[in-house]
Amino acid sequence: MNETHHLRRMTTIWIVLSIAADLLFWFLVGPHIPPGRMTDMASSNQFDFNILFVIAIPVLIGVWIYLAYAIAVWSAKRGGPEPVGGEAARNNRTAQVAWITITSVVVIFLAGFGTVELVVNHGSGGGEGPNPVWSPAGAIKAETAALAGTGTWSPNSNQVLPVQVIAQQWKFTYRYPTFGGFETPQLILPVNTTIAFNVTSLDVIHSFWAYQLSVKADANPQVNDVAYTTTNQTGPFTVRCSELCGIWHGSMYNYGRVVSQQKFMQWAQATEAANAANTKDLPPFAWTYVPDANGAAGGYYPDGTVTPYSTVETYGAKQPAS
Ligand SMILES: [Cu+2]
(Lines give C-alpha, C1' and ligand atoms only; values in the text may rest on other atoms or scores of the structure.)
Protein backbone atom coordinates (compact mmCIF):
# COMPACT_ATOMS: atom_id res chain seq x y z
CA MET A 1 0.00 0.00 0.00
CA ASN A 2 1.53 3.39 -0.93
CA GLU A 3 1.84 6.46 1.33
CA THR A 4 -0.99 8.37 -0.35
CA HIS A 5 -3.33 5.55 0.44
CA HIS A 6 -2.43 5.64 4.15
CA LEU A 7 -3.00 9.40 4.31
CA ARG A 8 -6.34 9.12 2.55
CA ARG A 9 -7.48 6.40 4.91
CA MET A 10 -6.44 8.35 8.03
CA THR A 11 -8.10 11.50 6.69
CA THR A 12 -11.38 9.68 6.07
CA ILE A 13 -11.39 8.19 9.58
CA TRP A 14 -10.48 11.60 11.00
CA ILE A 15 -13.27 13.49 9.20
CA VAL A 16 -15.95 10.96 10.20
CA LEU A 17 -14.88 10.79 13.85
CA SER A 18 -14.38 14.58 14.13
CA ILE A 19 -17.83 15.39 12.80
CA ALA A 20 -19.43 12.79 15.07
CA ALA A 21 -17.52 13.95 18.16
CA ASP A 22 -18.17 17.65 17.46
CA LEU A 23 -21.90 17.07 17.00
CA LEU A 24 -22.11 14.95 20.15
CA PHE A 25 -20.18 17.57 22.10
CA TRP A 26 -22.16 20.55 20.79
CA PHE A 27 -25.62 19.09 21.48
CA LEU A 28 -25.04 16.85 24.52
CA VAL A 29 -22.23 18.49 26.51
CA GLY A 30 -22.23 22.09 25.26
CA PRO A 31 -25.40 23.27 27.07
CA HIS A 32 -23.87 22.14 30.39
CA ILE A 33 -20.48 23.79 30.04
CA PRO A 34 -19.78 26.36 32.81
CA PRO A 35 -20.62 29.09 33.61
CA GLY A 36 -24.16 28.23 32.45
CA ARG A 37 -26.63 30.73 31.03
CA MET A 38 -27.68 32.88 33.96
CA THR A 39 -26.55 36.11 32.26
CA ASP A 40 -25.78 37.22 28.72
CA MET A 41 -22.09 37.12 29.65
CA ALA A 42 -22.42 33.56 30.94
CA SER A 43 -24.19 32.40 27.76
CA SER A 44 -21.59 34.13 25.67
CA ASN A 45 -18.71 32.63 27.67
CA GLN A 46 -20.31 29.20 27.29
CA PHE A 47 -20.60 29.75 23.54
CA ASP A 48 -16.94 30.77 23.34
CA PHE A 49 -15.83 27.72 25.31
CA ASN A 50 -17.88 25.49 23.04
CA ILE A 51 -16.35 27.01 19.90
CA LEU A 52 -12.87 26.36 21.36
CA PHE A 53 -13.84 22.75 22.09
CA VAL A 54 -15.27 22.22 18.60
CA ILE A 55 -11.95 23.38 17.13
CA ALA A 56 -9.80 21.48 19.64
CA ILE A 57 -11.61 18.13 19.38
CA PRO A 58 -10.58 17.44 15.73
CA VAL A 59 -6.96 18.35 16.60
CA LEU A 60 -7.00 15.89 19.50
CA ILE A 61 -8.71 13.21 17.41
CA GLY A 62 -6.17 13.74 14.61
CA VAL A 63 -3.28 12.99 16.99
CA TRP A 64 -5.03 9.93 18.44
CA ILE A 65 -5.89 8.54 15.00
CA TYR A 66 -2.31 8.91 13.81
CA LEU A 67 -1.01 7.13 16.94
CA ALA A 68 -3.56 4.34 16.71
CA TYR A 69 -3.02 3.91 12.98
CA ALA A 70 0.76 3.78 13.36
CA ILE A 71 0.52 1.18 16.12
CA ALA A 72 -1.94 -0.93 14.16
CA VAL A 73 -0.37 -0.75 10.70
CA TRP A 74 3.32 0.07 11.03
CA SER A 75 4.44 -1.71 14.20
CA ALA A 76 6.72 -4.76 13.93
CA LYS A 77 4.89 -8.09 14.15
CA ARG A 78 6.11 -10.89 16.38
CA GLY A 79 8.21 -13.22 14.22
CA GLY A 80 7.73 -10.93 11.22
CA PRO A 81 10.37 -8.92 9.35
CA GLU A 82 12.25 -6.07 11.04
CA PRO A 83 10.36 -2.79 10.52
CA VAL A 84 11.84 -0.54 7.84
CA GLY A 85 11.83 3.26 8.22
CA GLY A 86 9.63 5.07 5.71
CA GLU A 87 10.54 8.03 3.58
CA ALA A 88 11.87 11.04 5.54
CA ALA A 89 9.36 13.88 5.91
CA ARG A 90 12.21 16.45 5.91
CA ASN A 91 11.94 18.93 3.01
CA ASN A 92 8.50 17.64 2.10
CA ARG A 93 7.00 20.81 0.66
CA THR A 94 3.38 19.69 0.97
CA ALA A 95 3.74 18.71 4.63
CA GLN A 96 5.46 22.03 5.47
CA VAL A 97 2.93 24.20 3.71
CA ALA A 98 0.00 22.27 5.17
CA TRP A 99 1.44 22.43 8.71
CA ILE A 100 2.12 26.18 8.65
CA THR A 101 -1.15 27.05 6.91
CA ILE A 102 -3.44 24.98 9.13
CA THR A 103 -1.86 26.05 12.44
CA SER A 104 -1.76 29.72 11.36
CA VAL A 105 -5.40 29.71 10.28
CA VAL A 106 -6.51 28.14 13.58
CA VAL A 107 -4.50 30.54 15.77
CA ILE A 108 -5.36 33.71 13.80
CA PHE A 109 -9.05 32.77 13.69
CA LEU A 110 -9.11 32.26 17.48
CA ALA A 111 -7.33 35.57 18.11
CA GLY A 112 -9.85 37.42 15.91
CA PHE A 113 -12.81 35.55 17.37
CA GLY A 114 -11.68 36.28 20.95
CA THR A 115 -11.24 39.98 20.18
CA VAL A 116 -14.66 40.31 18.55
CA GLU A 117 -16.32 38.52 21.47
CA LEU A 118 -14.67 40.91 23.93
CA VAL A 119 -15.95 43.96 22.05
CA VAL A 120 -19.52 42.85 21.35
CA ASN A 121 -19.94 41.68 24.94
CA HIS A 122 -18.80 44.93 26.54
CA GLY A 123 -15.66 43.48 28.09
CA SER A 124 -17.21 40.03 28.52
CA GLY A 125 -17.82 40.37 32.26
CA GLY A 126 -14.30 41.44 33.13
CA GLY A 127 -13.54 44.68 34.95
CA GLU A 128 -12.77 47.43 32.46
CA GLY A 129 -11.44 49.97 34.94
CA PRO A 130 -13.05 53.31 35.86
CA ASN A 131 -13.64 54.36 32.22
CA PRO A 132 -14.96 51.34 30.33
CA VAL A 133 -14.06 51.18 26.67
CA TRP A 134 -17.18 49.17 25.83
CA SER A 135 -20.42 49.96 27.68
CA PRO A 136 -24.01 48.87 27.06
CA ALA A 137 -26.53 51.55 26.04
CA GLY A 138 -27.61 53.74 28.94
CA ALA A 139 -24.87 52.54 31.28
CA ILE A 140 -22.81 55.73 31.45
CA LYS A 141 -25.94 57.83 31.98
CA ALA A 142 -27.11 55.54 34.80
CA GLU A 143 -23.68 55.62 36.45
CA THR A 144 -23.41 59.38 36.30
CA ALA A 145 -26.88 59.80 37.79
CA ALA A 146 -26.10 57.23 40.50
CA LEU A 147 -23.06 59.15 41.64
CA ALA A 148 -24.98 62.41 41.63
CA GLY A 149 -27.66 60.78 43.78
CA THR A 150 -30.34 61.33 41.14
CA GLY A 151 -30.37 57.82 39.71
CA THR A 152 -33.59 55.81 39.63
CA TRP A 153 -34.51 52.26 38.83
CA SER A 154 -37.95 50.73 38.51
CA PRO A 155 -39.33 47.46 37.14
CA ASN A 156 -39.92 47.19 33.38
CA SER A 157 -38.02 50.40 32.80
CA ASN A 158 -35.06 48.85 30.93
CA GLN A 159 -32.76 50.98 33.05
CA VAL A 160 -29.21 49.93 33.88
CA LEU A 161 -28.85 49.19 37.61
CA PRO A 162 -25.56 50.32 39.16
CA VAL A 163 -24.44 48.18 42.11
CA GLN A 164 -21.32 48.90 44.08
CA VAL A 165 -19.22 46.00 45.33
CA ILE A 166 -17.02 46.88 48.31
CA ALA A 167 -14.35 44.31 49.21
CA GLN A 168 -12.44 44.30 52.45
CA GLN A 169 -10.63 41.75 54.57
CA TRP A 170 -12.59 39.44 54.51
CA LYS A 171 -16.05 40.13 53.20
CA PHE A 172 -18.02 41.75 50.43
CA THR A 173 -20.71 44.33 50.96
CA TYR A 174 -22.92 46.01 48.36
CA ARG A 175 -24.26 49.52 47.99
CA TYR A 176 -27.28 50.44 45.89
CA PRO A 177 -26.89 54.09 44.86
CA THR A 178 -30.32 54.26 43.20
CA PHE A 179 -31.95 53.32 46.53
CA GLY A 180 -30.48 55.92 48.81
CA GLY A 181 -27.06 54.28 48.85
CA PHE A 182 -27.83 51.66 51.51
CA GLU A 183 -25.13 49.06 52.19
CA THR A 184 -25.87 45.38 52.74
CA PRO A 185 -24.04 42.04 52.80
CA GLN A 186 -26.75 40.61 50.50
CA LEU A 187 -26.38 40.78 46.74
CA ILE A 188 -29.87 40.70 45.24
CA LEU A 189 -30.34 41.48 41.55
CA PRO A 190 -33.39 41.90 39.29
CA VAL A 191 -33.76 39.57 36.31
CA ASN A 192 -33.66 40.83 32.69
CA THR A 193 -31.65 43.84 33.79
CA THR A 194 -28.24 45.15 32.84
CA ILE A 195 -26.16 45.48 35.99
CA ALA A 196 -23.20 47.85 36.18
CA PHE A 197 -20.95 46.47 38.90
CA ASN A 198 -18.65 49.09 40.37
CA VAL A 199 -15.98 47.18 42.24
CA THR A 200 -13.60 48.67 44.78
CA SER A 201 -11.70 47.72 47.92
CA LEU A 202 -11.17 49.34 51.29
CA ASP A 203 -7.81 47.71 52.01
CA VAL A 204 -5.80 45.23 49.95
CA ILE A 205 -6.38 43.84 46.45
CA HIS A 206 -9.33 41.46 46.21
CA SER A 207 -11.28 40.19 43.22
CA PHE A 208 -15.04 40.00 42.86
CA TRP A 209 -15.89 36.73 41.14
CA ALA A 210 -19.57 35.86 40.63
CA TYR A 211 -18.99 32.77 38.55
CA GLN A 212 -22.57 32.00 37.45
CA LEU A 213 -22.97 35.66 36.39
CA SER A 214 -19.69 35.37 34.48
CA VAL A 215 -18.35 38.49 36.16
CA LYS A 216 -14.82 38.74 37.47
CA ALA A 217 -13.41 42.13 38.35
CA ASP A 218 -10.42 43.12 40.45
CA ALA A 219 -11.18 45.06 43.63
CA ASN A 220 -8.38 47.56 44.11
CA PRO A 221 -8.27 50.24 46.79
CA GLN A 222 -8.99 53.70 45.33
CA VAL A 223 -10.00 52.22 41.97
CA ASN A 224 -13.51 51.88 40.59
CA ASP A 225 -13.48 48.80 38.38
CA VAL A 226 -16.61 48.58 36.22
CA ALA A 227 -18.01 45.32 34.82
CA TYR A 228 -21.34 44.75 33.06
CA THR A 229 -23.66 41.80 32.80
CA THR A 230 -27.34 41.32 31.92
CA THR A 231 -29.32 38.83 34.01
CA ASN A 232 -31.41 36.31 32.07
CA GLN A 233 -32.45 33.71 34.67
CA THR A 234 -33.49 33.85 38.31
CA GLY A 235 -31.69 31.76 40.92
CA PRO A 236 -28.82 31.70 43.38
CA PHE A 237 -25.17 32.35 42.56
CA THR A 238 -21.89 32.32 44.43
CA VAL A 239 -19.53 35.22 45.04
CA ARG A 240 -15.92 34.42 45.83
CA CYS A 241 -12.82 36.47 46.38
CA SER A 242 -10.44 35.47 43.62
CA GLU A 243 -7.28 37.24 44.71
CA LEU A 244 -5.19 35.98 47.63
CA CYS A 245 -5.85 38.70 50.20
CA GLY A 246 -4.71 37.43 53.56
CA ILE A 247 -5.27 34.64 56.02
CA TRP A 248 -9.06 34.34 55.66
CA HIS A 249 -9.09 34.73 51.86
CA GLY A 250 -10.52 31.21 51.56
CA SER A 251 -13.59 32.11 53.59
CA MET A 252 -14.26 35.35 51.72
CA TYR A 253 -17.41 34.34 49.85
CA ASN A 254 -21.14 34.74 50.00
CA TYR A 255 -24.21 34.00 47.97
CA GLY A 256 -26.37 36.22 45.83
CA ARG A 257 -29.68 35.77 44.12
CA VAL A 258 -31.30 36.93 40.89
CA VAL A 259 -35.02 37.49 41.50
CA SER A 260 -37.99 38.90 39.58
CA GLN A 261 -38.01 42.66 39.07
CA GLN A 262 -41.01 43.05 41.38
CA LYS A 263 -39.38 41.01 44.15
CA PHE A 264 -36.17 42.99 43.77
CA MET A 265 -38.08 46.26 44.03
CA GLN A 266 -39.80 45.08 47.22
CA TRP A 267 -36.50 43.93 48.72
CA ALA A 268 -34.64 47.12 47.77
CA GLN A 269 -37.32 49.44 49.15
CA ALA A 270 -37.69 47.41 52.36
CA THR A 271 -33.91 47.31 52.90
CA GLU A 272 -33.59 51.01 52.13
CA ALA A 273 -36.20 51.77 54.79
CA ALA A 274 -34.82 49.31 57.35
CA ASN A 275 -31.26 50.60 56.91
CA ALA A 276 -32.11 54.30 56.78
CA ALA A 277 -30.64 55.07 60.20
CA ASN A 278 -27.39 53.26 59.38
CA THR A 279 -27.14 54.72 55.90
CA LYS A 280 -27.01 58.23 57.41
CA ASP A 281 -23.79 57.24 59.22
CA LEU A 282 -22.16 55.83 56.09
CA PRO A 283 -19.79 57.93 54.02
CA PRO A 284 -21.63 59.60 51.13
CA PHE A 285 -21.85 57.36 48.11
CA ALA A 286 -18.63 57.54 46.08
CA TRP A 287 -16.84 55.29 43.61
CA THR A 288 -13.95 54.70 46.04
CA TYR A 289 -13.39 55.05 49.76
CA VAL A 290 -10.30 55.50 51.85
CA PRO A 291 -10.70 54.38 55.44
CA ASP A 292 -9.97 57.10 57.92
CA ALA A 293 -6.29 57.72 58.39
CA ASN A 294 -6.75 59.29 61.78
CA GLY A 295 -7.62 56.15 63.62
CA ALA A 296 -11.30 56.72 64.28
CA ALA A 297 -12.26 53.85 62.01
CA GLY A 298 -9.06 51.85 62.28
CA GLY A 299 -7.54 53.47 59.20
CA TYR A 300 -5.56 51.42 56.78
CA TYR A 301 -3.38 54.23 55.46
CA PRO A 302 -1.80 55.75 58.57
CA ASP A 303 -0.55 58.97 56.98
CA GLY A 304 -1.63 61.09 59.94
CA THR A 305 -3.31 63.70 57.76
CA VAL A 306 -6.70 64.31 56.32
CA THR A 307 -6.12 64.33 52.60
CA PRO A 308 -8.46 66.18 50.25
CA TYR A 309 -9.13 63.32 47.83
CA SER A 310 -11.23 61.39 50.30
CA THR A 311 -14.52 62.43 51.75
CA VAL A 312 -14.28 59.38 53.95
CA GLU A 313 -11.30 60.63 55.91
CA THR A 314 -13.34 63.59 56.95
CA TYR A 315 -16.23 61.31 57.67
CA GLY A 316 -14.19 58.83 59.66
CA ALA A 317 -12.62 61.49 61.82
CA LYS A 318 -16.07 62.54 62.94
CA GLN A 319 -17.16 60.72 66.06
CA PRO A 320 -20.83 59.88 66.25
CA ALA A 321 -22.67 62.19 68.63
CA SER A 322 -23.48 60.44 71.87
CU1 LIG B 1 -10.14 38.96 49.28
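**Notebook: strands, core and a long-span helix**

I began at strand β8, where I found that Tyr228 is the bridge partner of Ala196. The model I am reading is a predicted one, and I keep that in mind for every entry below. Looking at the strands around this pair, I noted that β5 (residues 194-201) and β8 run antiparallel to each other and are joined over six bridges. I then asked how many of the six residues of β8 (residues 225-230) are buried. Five of them are, so the strand is largely enclosed by the rest of the structure.

Next I looked up the core. The largest nonpolar core has 44 residues, and those touching the most other members are Val165, Ala196, Phe197 and Phe208. Domain 1 (3-73 + 91-125) and domain 2 (139-289) both contribute residues to this core, so it lies between them. In soluble globular proteins, nonpolar side chains tend to be buried together. For Phe197 I listed the contacts, leaving aside neighbours within four places in sequence, and obtained Val163, Val165, Phe208, Val215, Ala217, Val226 and Ala227.

I turned to the open sheet, which is built from five strands in the order β4-β10-β9-β6-β7, with mixed pairing. Which strands stand at the edges of the sheet? They are β4 (187-190) and β7 (215-219), and each has a single partner strand, so one side of each is left without a neighbour in the sheet. On average, neighbouring strands here are turned by 20° against each other, direction ignored.

At the β4 edge, I saw that β4 runs parallel to β10 (residues 253-259) and is joined to that strand by four bridges. Within this pairing, Leu189 stands opposite Val258 in β10. Helix α5 (residues 261-274) packs on the sheet and touches both β4 and β10, its direction making about 135° with that of β4.

I then checked helix α3 (residues 93-120), whose 28 residues reach 40 Å from the first C-alpha to the last, close to the 40 Å expected at 1.5 Å a residue. Is α3 well covered or hardly covered? It is hardly covered, since the count of buried residues among its 28 residues is zero. After α3 comes His122, which has a positive phi, near 50°.

Finally I recorded the overall figures. The protein has seven helices and 10 strands, and 29% of its 322 residues count as buried. Among contacts with a separation of 6 or more, 65% are between residues 24 or more positions apart.

Conventions: Residues are numbered from 1 along each chain as its sequence is written. This is a predicted model: local features need pLDDT of at least 70, side-chain atom pairs count only at pLDDT 80 or more; totals for chains, interfaces and linings use all residues. Two strands pair if DSSP finds at least two bridges between them. Helices (H or I, at least four residues) and strands (E, at least two) are DSSP runs, numbered from the N terminus. Axes are lines fitted to C-alpha atoms, for helices over the stretch in contact, and angles run from 0 to 180 degrees between N-to-C directions. Two residues are in contact if their C-beta atoms, placed from the backbone, lie within 7 Å. A nonpolar core is a set of buried Ala, Val, Leu, Ile, Met, Phe, Trp, Tyr and Cys residues joined through C-beta atoms within 7 Å. A residue is buried if 20 or more other C-beta atoms lie within 10 Å of its own, exposed if 12 or fewer, and partly exposed in between; C-beta atoms are placed from the backbone. Domain bounds come from an automatic or database domain assignment. The expected span of a helix is 1.5 Å times one less than its number of residues.
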